[in-house]
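Subject: Structure handover

Hello,

Here is the structure we discussed, passed on for your own work. What I found in it follows below.

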Amino acid sequence: MDEMKSRIRNCCLEKEAAPCISACPFSLDIREFVPRVERGAFNLAYRLYANAVAFPRIVAEICDERCRLDCPRSGIDGAVNLKLIERAVVAGMVRREPNSYNMPAKDRNIAIVGGGISALACALRLSNRKYAVTVFEKGGRIGGHLWDIMPPEIFLKDIEEQFSKEKYSLILNTEVRDLENIRKKYDAVYVATGKGGGSFDLSEEAAAGDVMAAAEGLFVGGSILGVSSAEAIAHGLRAASLIEGYIKTGNMKGPEPRIPTKIKLELKDVTVVVPVSPSVDGSYTEDEARREAARCLKCRCDVCVRSCDMMAYFQKFPKLIEEEVHITVNPGTLDGNGTVATRLISTCNQCGLCGKVCPEQIDVGKFMRESHRAMREKNAMPWAFHEFWLNDMAFSRSERASFFYVPSGEESSRENRPTSASADIKDFYRGQTDGCVCRESRPPSASADIKDFHRGQTDGCVCRYLFFPGCQMGASDPRYVTETYRLLRKHLPDTAIFVTCCGAPALWSGDDNIYDGICREIEEKWRQLGMPDIIFGCPTCREMIREALPQIKGTMVSDVLYELGVKTAAGGGEISLFDPCSARNYPETRQRVRMMLTEAGYLLKPLEYEGERAKCCSWGGQISIANPPYARWLIDKRISEKPVPYVVYCTNCRDIFAEAGKPVLHILDLILGLGGWDKRPPTYSKRRRNRELVKESLMKELLNEEMPPEKDITLLISQELEAKLHREKILEDDLAAVISFCEQTGRKLSNPKNGHFTGYHEIGHMTCWVEYHPEGDGYRVYNAYSHRMKIELEEVWHGRKQKLDL
């Protein structure tokens with residue numbers, strides 16, 4: 001976590017200057033200046049400009065437009081004409097006089113040698129800060145070389161306006177010949193005698209033409225160093241800051257070196273906009289200035305915020321996120337628990353898109369994952385954010401849903417394998433087409449372990465392929481698992497199956513102990529089988545195992561079916577293929593699914609974010625409990641990207657979009673003929689039952705065994721209540737547990753008006769309430785709701801309080 005925190009703090013380019021700002025000698029905040037012009041706020045734009053350049057009339061005339069050379073639009077349609085915009089702002093100002101600040105005078109005296117524009121800029125900035133400033137000019141007028149390059153009525157008026165609220169001493173016709181004497185009388189001296197002026201040998205050490213701290217209390221800058229007029233003004237302003245720093249600290253520190261910006265921009269999507277041509281005397285009108293300002297790209301490194309929905313939703317860059325997370329994980333509270341960013345941490349999908357688009361490869365998602373772990377280790381992360389998902393994962397790994405099967409040697413022998421499989425799979429599976437991994441090559445520990453799981457079927461080969469559908473595939477539709485496995489065994493008989501959860505909910509919730517245990521179990525089963533290639537049904541499972549167990553090789557079931565020559569049902573019309581975020585690192589999978597759909601006759605309409613820049617459907621990180629408004633906002637964004645139906649190859653994406661009303665099919669729907677565009681997703685309770693159906697079907701077909709029934713009570717629930725339970729993530733199993741508890745203990749209330757019973761019971765950390773009544777052999781449920789709390793009651797008995805354990 002510390003390493004990622006350091007990368008965000010030191011490598012993030014959010015604060016990096018735009019190319020134009022980096023090139024500007026005044027470092028004018030053009031990203032703030034241009035939007036003010038664009039919206040017509042010329043007075044505000046002028047104040048920002050005047051504060052940056054000191055003499056706005058003068059600079060607007062003499063600006064040498066270094067920014068134009070670095071403007072990204074210069075190579076597209078023409079650089080933004082900032083000089084004409086600046087002139088329009090200055091010309092359009094109503095109130096030109098500077099602001100007056102009521103500050104106490106400072107008892108420090110600064111001498112400025114020279115009366116040119118650099119010297120005056122330094123004098124103006126120091127007098128603004130209420131220092132006693134004396135300017136020595138050897139001639140009889142101020143302005144220096146400005147008299148040679150522009151009309152005096154412009155620059156003299158500007159100088160007069162800017163000094164109108166300030167006091168300084170001007171001594172004309174006085175040439176300073178000896179700095180030694182003047183240095184004794186003043187706390188600091190700025191030498192700005194202009195081009196060809198006396199330098200007192202101070203400028204010989206000037207580096208890179210910038211203002212410099214020459215000797216104790218002595219500074220030199222301006223045209224004497226050979227810089228342009230605009231740069232000379234900037235020298236004077238920087239000299240004022242250096243002098244103030246010296247007076248306050250005694251340090252003779254020179255200016256920070258001006259280095260080119262490190263900002264990195266994406267320009268492929270920039271719209272061409274022809275530069276605005278001035279209509280009157282080579283100058284912009286206010287409207288023209290506004291239109292030209294609108295061409296500015298406001299360059300900043302914000303690709304993460306533009307690409308990452310979480311950052312866009314909260315309008316927070318990585319550095320601010322890191323700050324808020326830091327004070328949450330390391331709070332200054334007495335109890336040691338911070339709450340500033342707990343919801344923010346749990347809102348991240350951890351999809352990896354930010355790291356993919358960031359020019360510095362900063363993955364905020366990984367930082368959030370580590371932060372989640374840190375908060376969980378402190379027991380400071382709200383349990384409600386993840387308990388539902390962890391319980392769901394536990395069910396997927398329970399005896400009711402988990403299933404492991406290894407084909408017998410007879411099933412997987414070479415004689416039973418279709419002859420067409422060898423050529424198709426040879427290249428795809430590294431040439432391993434010479435039969436199964438035989439018993440002699442099986443790890444020594446495999447026999448006993450396999451015997452337990454395969455009920456003694458250890459006489460055949462250890463399988464070359466393992467079908468790993470995950471837990472959500474069968475929860476969505478049991479046929480996604482059973483029919484797919486039947487198809488795989490038809491082509492690849494030596495394929496085992498392991499139905500369980502990959503552990504993603506534990507990883508997303510920061511519970512490393514559970515996650516590491518699941519990974520160890522998966523690796524153990526894989527090694528028992530002789531380290532086969534895994535055929536993944538779920539792209540999330542594939543990505544989880546790639547990260548945690550890189551030694552395990554595998555591919556998606558859609559890839560395998562394509563290589564085997566399995567076709568999708570013929571179709572047509574326009575569709576969009578929605579790539580799951582967990583497939584961003586697998587270009588071959590993305591390409592094969594597209595080929596399958598194209599060969600079936602579909603016309604693919606690309607989405608803005610797809611391929612390696614695919615965005616999350618909202619399932620990743622399982623954020624719907626931690627931040628429901630954000631999850632709904634995210635889903636709406638995904639389904640509205642294109643008006644055409646979607647095809648997906650992740651069941652989570654399919655169910656999320658289908659529930660939101662988007663016409664969507666899973667690629668297996670097209671391959672296996674399992675449903676139409678309007679197939680509705682199951683509720684959370686139905687998803688549990690579907691997982692049981694997967695195991696029941698596989699046990700009956702493969703082992704000729706029946707799964708023992710559970711002693712469940714019958715619940716009668718209306719469709720409206722089913723929908724409510726699904727929205728609030730209350731399971732029918734929870735209702736059954738509450739009713740059983742109430743009936744066994746008698747802890748229930750009766751409504752005399754309708755005869756309904758109401759009772760509650762704690763399910764984990766949650767308190768669930770049910771309104772019900774017996775009906776036939778079961779119970780009619782009228783309503784249910786839950787509280788993320790525990791309830792404690794106290795009984796007063798003979799003056800003493802006794803806590804009731806409910």
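Ser576 has Tyr646, in strand β14, as its bridge partner. The model is a predicted one. The bridge belongs to the pairing of β12 (residues 573-578) with β14 (residues 646-648), which is parallel and runs over three bridges. These two strands are part of an open sheet of four, in the order β13-β12-β14-β15, with parallel pairing. At the edges are β13 (602-604) and β15 (664-666), each of which pairs on one side only. From one strand to the next the twist averages 40°. Helix α32 (residues 651-659) packs on this sheet and touches β12, β14 and β15. The direction of α32 makes about 160° with that of β15.

A second set of strands centres on β9 (residues 495-499). Five of its five residues are buried, so β9 is largely enclosed by the rest of the structure. Which residues cover each side? Thr495, Ile497 and Val499 are buried on one side, and Ala496 and Phe498 are buried on the other. The two partners of β9 described here differ in sense: β7 (residues 403-405) pairs with β9 in the antiparallel sense over three bridges, while β8 (residues 465-468) pairs with β9 in the parallel sense, also over three bridges. In the pairing with β7, Phe403 has Val499 of β9 as its bridge partner. In the pairing with β8, Leu466 has Ala496 of β9 as its bridge partner. As general background, strands of a sheet pair through backbone hydrogen bonds, either parallel or antiparallel.

Helix α7 (residues 82-91) is mostly covered, with eight of its ten residues buried. The buried residues are Leu82, Lys83, Leu84, Ile85, Glu86, Ala88, Val89 and Val90. They pack against five helices: α3 (30-38), α4 (42-53), α5 (56-62), α6 (66-70) and α13 (286-293).

Two loop residues may be worth a look.

Gly222 sits in the loop between β6 (218-220) and α12 (229-249). Its relative accessibility is 0%, so Gly222 counts as buried. Leaving out residues up to four places away in sequence, Gly222 touches Ser118, Tyr190, Val227, Ala232 and His235. Gly222 and Ile117 are 105 residues apart in sequence, yet their C-alpha atoms are 8.3 Å apart in space.

Lys679 is in the loop between α33 (667-672) and α34 (684-703). Is this lysine buried or exposed? At 17% relative accessibility Lys679 counts as buried, because the cut-off for that class is under 20%. Its side chain makes polar contacts with two other side chains: that of Asp477 at 3.3 Å and that of Tyr480 at 3.0 Å. Beyond residues up to four places away in sequence, Lys679 touches Asp477 and Tyr480 and also Arg654, Ala658, Asp669 and Leu674.

On aromatic rings, a search of the whole structure finds 26 aromatic pairs. One of them is Phe219 with Tyr246, an edge-to-face pair at 6.2 Å centre to centre with 65° between the planes. Phe219 lies in strand β6 and Tyr246 in helix α12, so the pair ties together parts that are 27 residues apart in sequence. Phe219 and Tyr246 are both buried. Tyr313 and Phe314 form another edge-to-face pair, at 5.2 Å centre to centre with 85° between the planes. Tyr313 is partly exposed, with a relative accessible area of 31%, and Phe314 is partly exposed at 25%. Ring pairs link Tyr313 and Phe314 with Tyr630 and Trp633 into a cluster.

Finally, some totals for the chain. Its secondary structure comes to 36 helices and 22 strands. Of its 806 residues, 54% count as buried. Among contacts between residues at least 6 apart in sequence, 70% join residues at least 24 apart. The chain exposes about 36500 Å², of which carbon and sulfur atoms supply 49%.

Regards

Technical notes
Residues are numbered from 1 along each chain as its sequence is written. This is a predicted model: local features need pLDDT of at least 70, side-chain atom pairs count only at pLDDT 80 or more; totals for chains, interfaces and linings use all residues. Side-chain values use heavy atoms; hydrogens and water are left out. Two strands pair if DSSP finds at least two bridges between them. Axes are lines fitted to C-alpha atoms, for helices over the stretch in contact, and angles run from 0 to 180 degrees between N-to-C directions. Contact means heavy atoms within 4.5 Å. Buried means under 20% relative accessible area, exposed over 50%, partly exposed in between (1.4 Å probe, protein chains only). A polar contact is a pair of N or O atoms within 3.5 Å; within protein, one must be able to donate a hydrogen and the other to accept it, and residues adjacent in sequence count only if both atoms are side-chain atoms. Accessible areas come from the Shrake-Rupley method with a 1.4 Å probe; for residues, only the protein chains shown count as cover. Rings of Phe, Tyr and Trp (its six-membered ring) pair if their centres lie within 6.5 Å; planes under 30 degrees apart count as stacked, over 60 as edge-to-face and the rest as tilted.
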